[in-house]
Amino acid sequence: MALLLASATACANDVPEAKWSNGLLPDAITQQGETVTALWNGAWIAALATGGVVIGLIVWACLFHTRRRAKADLPPQVRYNLPIEMLYTLVPLVMVSVFFFFTARDSEELSRVTGDADVKVKVEAFQWSWRFTTTTADGKTTEPVSGMPVSDYQQGPQLVLPVDKKVEFDLFTDDVIHSFWVPDFLFKRDIIPGIPDDNPGRKFEVTTLSKPGVYAGRCAELCGVDHSRMLFSIKLVTQQEFDQYVASNQAGSAQ
Ligand SMILES: [Cu+2]
């Protein structure tokens, strides 16, 4: 496991650092990413606790209920024991319901689009890069940022976004299926040609955290020869820097 971790994290320049406190996930840069981390950690704790109890019971039965230790030939038979049968039907049902509840609650939160985002981004995926067009709540639209296949995400197209703001993404493509993936969002979504723009599957929303910086993004669906070079970056900046960026890159303004 240690060898795998050491070798698996050294192979690309854009792999975020994994931390044990995040369950080996990258540090989230959105509120929704923190929800994913909490669900992931909670699921692991529940699974490990369940596994611990089951393995404990197996070891206990092996050690203390062997033929050698039992005085009689057969241990007491408990067939048709209603309380025990109720117990091992109801306990798993309750456990699965609890797991399902948290999963359902969080998936609902992660796919919720309120429509009142501070910034809306149109993401166009194509073979093999991205085009980003940003619109602010007061109706200012930036000149599209378009890229080419690159081997370093910092050379790819860059999407500038403000920190601590709600951002809506609208995903579009007209060639093949791509997948918009920002590892630090802990989120990816397929972009499928031909989906009408009122389909809720085309949109998702995040609230950025106060973590200024440049973060890697990539395509997560094999889409052709330069799929692995479909890299881009997201730059989180303060609201003031974002306003300046929008002012100097506004569509139709003299450059
Ligand atoms: Cu792609």
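**Briefing: a copper site, strands and aromatic rings**

Ile191 in strand S7 is the bridge partner of His178. The model described here is predicted. His178 is also one of the protein donors of a copper ion, together with Cys219, Cys223 and Met230. The points below take the copper site, then the strands, the aromatic rings and the annotated membrane spans.

**Copper site**

- The copper ion is held by four protein atoms: ND1 of His178, SG of Cys219, SG of Cys223 and SD of Met230, at 2.1 to 2.6 Å from the ion.
- The arrangement of these donors is tetrahedral because the angles they subtend at the copper ion run from 94 to 125°, and four donors count as tetrahedral if all angles lie between 85 and 135 degrees.
- Along the chain, the donors are spaced as H-x40-C-x3-C-x6-M.
- His178 belongs to strand S6 (residues 178-182), while Met230 sits in the loop between strand S9 (213-219) and strand S10 (232-237), so this pair ties together parts that are 52 residues apart in sequence.
- Both His178 and Met230 are buried, because each has a relative accessible area of 0% and the limit for buried is under 20%.
- The two cysteine donors are buried too: Cys219 has a relative accessibility of 5%, and Cys223 has a value of 6%.
- The number of disulfides in the model is zero.

**Hairpin of S6 and S7**

- Strands S6 and S7 pair in the antiparallel sense, with five bridges between them.
- They form a hairpin in which four residues separate the two strands.
- Leu186, in the turn of this hairpin, has a positive phi of about 55°.
- Side chains alternate along S7 (residues 187-191): Phe187, Arg189 and Ile191 point to one face and are buried.
- Lys188 and Asp190 point to the other face of S7 and are not buried.

**Open sheet**

- In general, strands of a sheet pair through backbone hydrogen bonds, either parallel or antiparallel.
- One open sheet in this model has five strands, in the order S3-S2-S1-S5-S8, with mixed pairing.
- Strands S3 (145-146) and S8 (203-207) are at the edges and have a single partner strand each, so one side of each lacks a neighbour in the sheet.
- S8 pairs with strand S5 (residues 166-173) in the antiparallel sense over five bridges.
- Within this part of the sheet, Lys166 stands opposite Thr207 of S8.

**Aromatic rings**

- Across the whole structure there are 13 aromatic pairs.
- One of them joins Phe169 and Phe185 edge-to-face, with 5.9 Å from centre to centre and 65° between the planes.
- Phe169 is in strand S5 and Phe185 is in the loop between S6 and S7, so the pair ties together parts that are 16 residues apart in sequence.
- Phe169 is buried at 0% relative accessible area, and Phe185 is buried at 2%.
- Ring pairs connect a cluster made up of Trp130, Phe132, Phe169, Phe180, Phe185, Phe187, Phe204 and Phe232.
- Phe187 of this cluster is also among the buried residues on one face of S7.

**Annotated membrane spans**

- An unreviewed UniProt entry lists residues 43-65 and 86-104 under "transmembrane region".
- In the model, residues 43-65 are 96% helix and 0% strand, and the C-alpha atoms at the two ends lie 32 Å apart.
- Residues 86-104 are 100% helix and 0% strand, with 26 Å between the end C-alpha atoms.

Key
Residues are numbered from 1 along each chain as its sequence is written. This is a predicted model: local features need pLDDT of at least 70, side-chain atom pairs count only at pLDDT 80 or more; totals for chains, interfaces and linings use all residues. Side-chain values use heavy atoms; hydrogens and water are left out. Donors are N, O and S atoms within 2.8 Å of the metal (3.2 Å for Na, K and Ca); water is not among the atoms, so sites may look incomplete. Four donors count as tetrahedral if all angles lie between 85 and 135 degrees; four count as square planar and six as octahedral if opposite donors are over 155 degrees apart and all others between 65 and 115; anything else is irregular. Buried means under 20% relative accessible area, exposed over 50%, partly exposed in between (1.4 Å probe, protein chains only). A disulfide is a pair of cysteine sulfur atoms within 2.5 Å. UniProt positions are given in the numbering used here, feature names are shortened, and annotations may be inferred rather than shown by experiment. Two strands pair if DSSP finds at least two bridges between them. Rings of Phe, Tyr and Trp (its six-membered ring) pair if their centres lie within 6.5 Å; planes under 30 degrees apart count as stacked, over 60 as edge-to-face and the rest as tilted.
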